[in-house]
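Biologist: Please take a close look at one part of this model, namely the way in which its helices pack against one another. I should like a connected explanation that a first-year student can follow.

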Amino acid sequence: MERMDRSIQKGPVIAMAGRVILAAVFVYAGVAKALDPAGFAGSINGYRLLPYPACAALALYLPWLEIACGLGVLWPRTRLGALSLLFFLCLIFGGAIASAWMRDLDIGCGCFGGGEAGAAALRGSLVRSVMLALLSGVLLWVEEARCKREWDSAGAADGPRGMSAPAASGPPGGKNEVHGASEKTKALPPDAGTL
Amino acid sequence: MMRNVSSILWRRGALQAGLILLAALAPAVLAAWCHPKRPAWSDDRARVDEVEWTAVRQWRSPVLMVDARSAAAFEKGHIPGALRLGAGQGDEGILAVARAWQPGAKVVVYCDSPRCDAAQSAARRLRQELGLGDVLVLKGGWSAWIEASRKGR
């Protein structure tokens, strides 16, 4: 029992460590590419999946999206959205790398603004992408479970009526909890969908 | 009830994702406007011309060969006299080319095969960072050079 308690206590610490690692990887990758968008456009063009103007636009936008997502993971009010975006980004990156590997393209992944070219380098990048997708997927699942748990506990704390729910304008369990709302309100808080 | 919570969380996540997507747009637009290393919008401007090895052999001007392949591939073998400028290399590769380049010399960059793009990236880098005008990419790369060497051309 004591062992179980200890593992429950460790859960948030492990999740926090995972978020910090994910944020550090994406902020670093974003900054490295934001410094040289022309080089990154060449890297995207090397995949031969998109016309060059689209590669140029992506080279200007993707690094900042990665930085925004990396920072968003650290802030509770944007965590859910940032983790969802990172999960999909990792899947897209993994798909692009896998397609380049299968087509035997002799390119580098370009994930951190350069890097070695060739099949071995692409294989390593693919493994890294899959691991990052897994990490962001697990963290997304943990975050969703945490939100639901806090939502439920907020409802239980309100007694048998079960009429309360955390307001969507703040993190569940935060200062903005609404107590004593109607059942209809619980199903869909008036400010649901806000940050 | 659980479905309601899930749908609210889903909506909240989608809204947050939308805001993050929008937030990233502002610096991207700024970078497109004034970043010193912003990409060209047209492939024609960005693409470096290619040259056949048979043509390179006929040049009378000095030629500086630059190898854009991996360090391992370079160690295994390279065109005699070639300098390495890999994608993962820092400034030392560029500085080595700058030191070896003589006025009037043409620079020819190569990578493994027609499927590789590393030579294009390295050639663009040489044009942008060293301001070299006469930079070309070897058509067919290392494979074409090996083939030409076998045929004694």
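**Helix packing**

Modeller: In this predicted model, helix 5 (residues 91-100) of chain B packs against helix 6 (residues 118-130) of chain B at an angle of about 75 degrees, and their axes lie 11 Å apart. Because of that angle, helix 5 of chain B counts as roughly perpendicular to helix 6 of chain B, the range for this class being 65 to 115 degrees. On the side of helix 5 of chain B, the residues that meet the partner are B:Asp91, B:Ile94, B:Val97 and B:Ala98. Helix 6 of chain B contributes B:Arg125, B:Leu126, B:Glu129 and B:Leu130. An α-helix has 3.6 residues a turn, so residues three or four places apart point the same way. Sorted by class, this contact holds five nonpolar residues, three charged residues and no polar ones.

A second pair of helices is found in chain A. The whole of chain A contains six helices and zero strands, and its pattern along the sequence reads α-α-α-α-α-α. Of the 195 residues in chain A, 46% are buried.

Within this chain, the axes of helix 2 (residues 37-46) and helix 3 (residues 52-74) of chain A come within 8 Å and cross at roughly 125 degrees. Helix 2 of chain A is therefore oblique to helix 3 of chain A. The crossing of helix 2 of chain A past helix 3 of chain A is right-handed. From helix 2 of chain A, the contact draws on A:Pro37, A:Phe40, A:Ala41, A:Ile44 and A:Asn45. From helix 3 of chain A come A:Tyr52, A:Cys55, A:Ala56, A:Leu58, A:Ala59, A:Leu60, A:Leu62 and A:Pro63. By class, the contact between helix 2 and helix 3 of chain A has twelve nonpolar residues, one polar residue and no charged residues.

The surroundings of helix 2 of chain A complete the picture. Nine of its ten residues are buried, so helix 2 of chain A is largely enclosed by the rest of the structure. The buried residues of helix 2 of chain A include A:Pro37, A:Phe40, A:Ala41, A:Ile44 and A:Asn45, and these residues also take part in the contact with helix 3 of chain A. Also buried in helix 2 of chain A are A:Ala38, A:Gly42, A:Ser43 and A:Gly46. Just after helix 2 of chain A, A:Arg48 adopts a positive phi of about 55 degrees.

How values were computed: Residues are numbered from 1 along each chain as its sequence is written. Chains are lettered from A and ligands numbered from 1 in the order in which they are written. This is a predicted model: local features need pLDDT of at least 70, side-chain atom pairs count only at pLDDT 80 or more; totals for chains, interfaces and linings use all residues. Side-chain values use heavy atoms; hydrogens and water are left out. Axes are lines fitted to C-alpha atoms, for helices over the stretch in contact, and angles run from 0 to 180 degrees between N-to-C directions. Helices (H or I, at least four residues) and strands (E, at least two) are DSSP runs, numbered from the N terminus. Angles under 35 degrees count as roughly parallel, over 145 as roughly antiparallel, 65 to 115 as roughly perpendicular and the rest as oblique. A crossing is left-handed if the near helix is turned anticlockwise from the far one by less than a right angle, and right-handed if clockwise. Contact means heavy atoms within 4.5 Å. Ala, Val, Leu, Ile, Met, Phe, Trp, Tyr, Cys and Pro count as nonpolar, Asp, Glu, Lys and Arg as charged, and the others, Gly among them, as polar. Buried means under 20% relative accessible area, exposed over 50%, partly exposed in between (1.4 Å probe, protein chains only).
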